[in-house]
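Visitor: I'm new to reading protein structures. Could you walk me through this one, a piece at a time?

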Amino acid sequence: MATSTCFPGSNPGECFWQNQPHELHNFRSTEQLPEQSEVVIIGAGYAGTSTAYHLLRDHGDAIKSITILEARGACSGATGRNGGHLRPDFYGHIPTYIDRAGVRAGAEIAEFEISHLHAMKKLIEEEQIDCDFTLTRSIDVWCNEEAAQKAKAVYDRMKSLNLDYMNDVVFYTGKDVEGICGVKGAKACASFTAGTMWPYKFILHLLKSALASGKVNLQTFTPAQSITPAPHGGFTIQTPRGSLHAATVIHANNAYVAGLLPEYAKNIVPCKGICCRITVPAGTTAPLLNNSYINRTEDNTLSYLIPRADGSIVVGGASSKFRPFKEQWYNNVDDSELIDAAKDYYDGYMQRTYRGWENTGAKVDQIWTGVMGYSYDSNPHIGAVPGKEGQFILAGFNGHGMPVIWRSAQELARMVVQKIPFEETCMPRLFQTSQFRIDRAMNGSEDDGDILGTGNFPSTKP
Ligand SMILES: Cc1cc2nc3c(=O)[nH]c(=O)nc-3n(C[C@H](O)[C@H](O)[C@H](O)COP(=O)(O)OP(=O)(O)OC[C@H]3O[C@@H](n4cnc5c(N)ncnc54)[C@H](O)[C@@H]3O)c2cc1C
């Protein structure tokens, strides 16, 4: 039985995206758990749902039955509470990955993430998914002079590597920056192609479509409590509503993965983030913003922001405000409570940040927290769980899952059905879960990892 506290809280706070719960919110395909299922997926968020969807769409003939166990409502975790920003990493963490593992290993992550934009646009158009998808430019803004100079140096370095994808980036410095990005006091800005969307609607559409196959049994409000090898092969998955047997288990429970796989406790740590929706008074029109943003203030506080067609803004971040108060966010699964040190940060945010918003009366309409799975080396863990044949993992997305999970789930589904090794998939090599990565975090100190520390973990060559 589970002894870990790494399980979802039972009373998540309200969140804009889920104000109108989907009909599948508390859905159970059958009153009782099935006795057995070929595949059991833990978690009905972006990762779990996309994996089920790909297993059926790409390998439907090979798959007989899938059960999805979800501890709370469908898509009530990070996916249902995030910022809606589908923003590939072009040069943010990529230079660090290049330093650690070489140019190709870093660049293939950027390329993989960028490929999500068109793959997801295509899917959304083909399936006519109502999820407010836009293809846009995402603007990066630096208001601190020194940070702006550093960003320019990183951009120049990335350009010098002759990476094709960098041609999509424009970088501006000089007197026109504020006029280009609309952010007061901006010292540098850059832009590249990205997307925005309503993730909860996207995932619930996919879940409904997977259920329509007749091969998926969804059990909401049914946490998996333990997984043990069954006497005649496969696994017994224990829940408070009884147990079921599965030949294959896929861990898609992101921040909470260590609840069932304690070996990941230092690799994937539940960390809270904060996000809100800002509106202008009824009957007034908000100034148009038609790009998404990452803004960094003079004191280097970072916020991600997406505009919505209804004139409202979804914005979050501000981690530098709460970072010193570890107990408020680190190793914390409580998404019922706001983060005290940042809960007021977005009051007046649009007025103090954007030109032309001074007299709009914009204010925070709703604010919420969510729990992300931060990883020790900033990369997700995907693939076969070391030493546990028949179990797979797709977790640890560092507050950045939107441009990572869709195609990773597709490739993981291939691994499961075609029994191919990770190396034969299209996933970036640094995403592969391994005993080496597990041990590095388990034996390393928190201060050396990327979550709390310097990222100076002793062995930097994967
Ligand atoms: C405030 C916030 C803002 C964010 N903004 C962005 C953004 O703008 N762009 C971006 O790319 N990313 C963003 N992210 C990160 C992004 O939301 C995640 O990377 C992504 O949603 C992870 O999807 P997932 O399916 O792995 O996890 P989740 O959506 O958390 O799904 C995991 C599911 O597993 C369930 N579960 C857990 N344990 C068990 C168990 N034992 N048994 C059964 N079920 C279980 C949970 O209830 C949950 O529903 C943000 C996250 C937060 C919290």
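Guide: Happily! Keep in mind that this is a predicted model. Let's begin with strand β12, residues 292-296, which is mostly covered.

Visitor: How many of the five residues of β12 are buried?

Guide: A residue counts as buried if 20 or more other C-beta atoms lie within 10 Å of its own. Ser292, Ile294 and Arg296 point one way from β12 and are buried. Tyr293 and Asn295 point the other way and are buried too. So the number of buried residues in β12 is five.

Visitor: Why do the residues of β12 point in two directions?

Guide: In β12, Tyr293 points one way, while Ser292 and Ile294 point the other. The reason is a general one: in a regular strand the side chains alternate between the two faces of the sheet.

Visitor: Which residue of β12 is the bridge partner of Ile139?

Guide: Look at strand β4, residues 134-142, which pairs with β12 over five bridges. The two strands run in the parallel sense. Ile139 has its bridge partner in β12, and that partner is Tyr293.

Visitor: And which residue of β13 stands opposite Ile294?

Guide: Strand β13, residues 302-307, is joined to β12 by four bridges, and these two strands run antiparallel. They form a hairpin with five residues between them. In the turn, Asn300 has a positive phi of about 60°. Opposite Ile294 in β13 stands Tyr304.

Visitor: Let's move to helix α9. What span is expected for its 14 residues?

Guide: Helix α9 covers residues 405-418. From its first C-alpha to its last it reaches 19 Å. That is close to the span expected at 1.5 Å a residue, which is 20 Å.

Visitor: Is α9 mostly covered or mostly exposed, and how many of its residues are buried?

Guide: Among its buried residues are Trp406, Leu412 and Val416. What covers the buried residues includes helices α1 and α3 and strands β10, β16 and β17. Just after α9 comes Lys419, whose phi is positive, near 55°. The helix is mostly covered, and its buried residues number eleven.

Visitor: Finally, the ligand: which of the 46 residues around it come nearest?

Guide: The shell has 24 nonpolar, 19 polar and three charged residues. Domain 1 and domain 2 each give at least three residues to the shell, and α1, β11 and β15 each supply at least two. Those that come nearest are Gly43, Gly45, Gly77, Gly370 and Gly401.

Conventions
Residues numbered from 1 in each chain as written. Predicted model: local features only at pLDDT ≥ 70, side-chain atom pairs only at ≥ 80, totals over all residues. Expected span 1.5 Å × (residues − 1). Buried ≥ 20, exposed ≤ 12 C-beta atoms within 10 Å, placed from the backbone. Contact = placed C-beta atoms within 7 Å. Near = placed C-beta within 6 Å. Nonpolar A, V, L, I, M, F, W, Y, C, P; charged D, E, K, R; others polar. Domains from an automatic or database assignment. Pairing = 2+ DSSP bridges.
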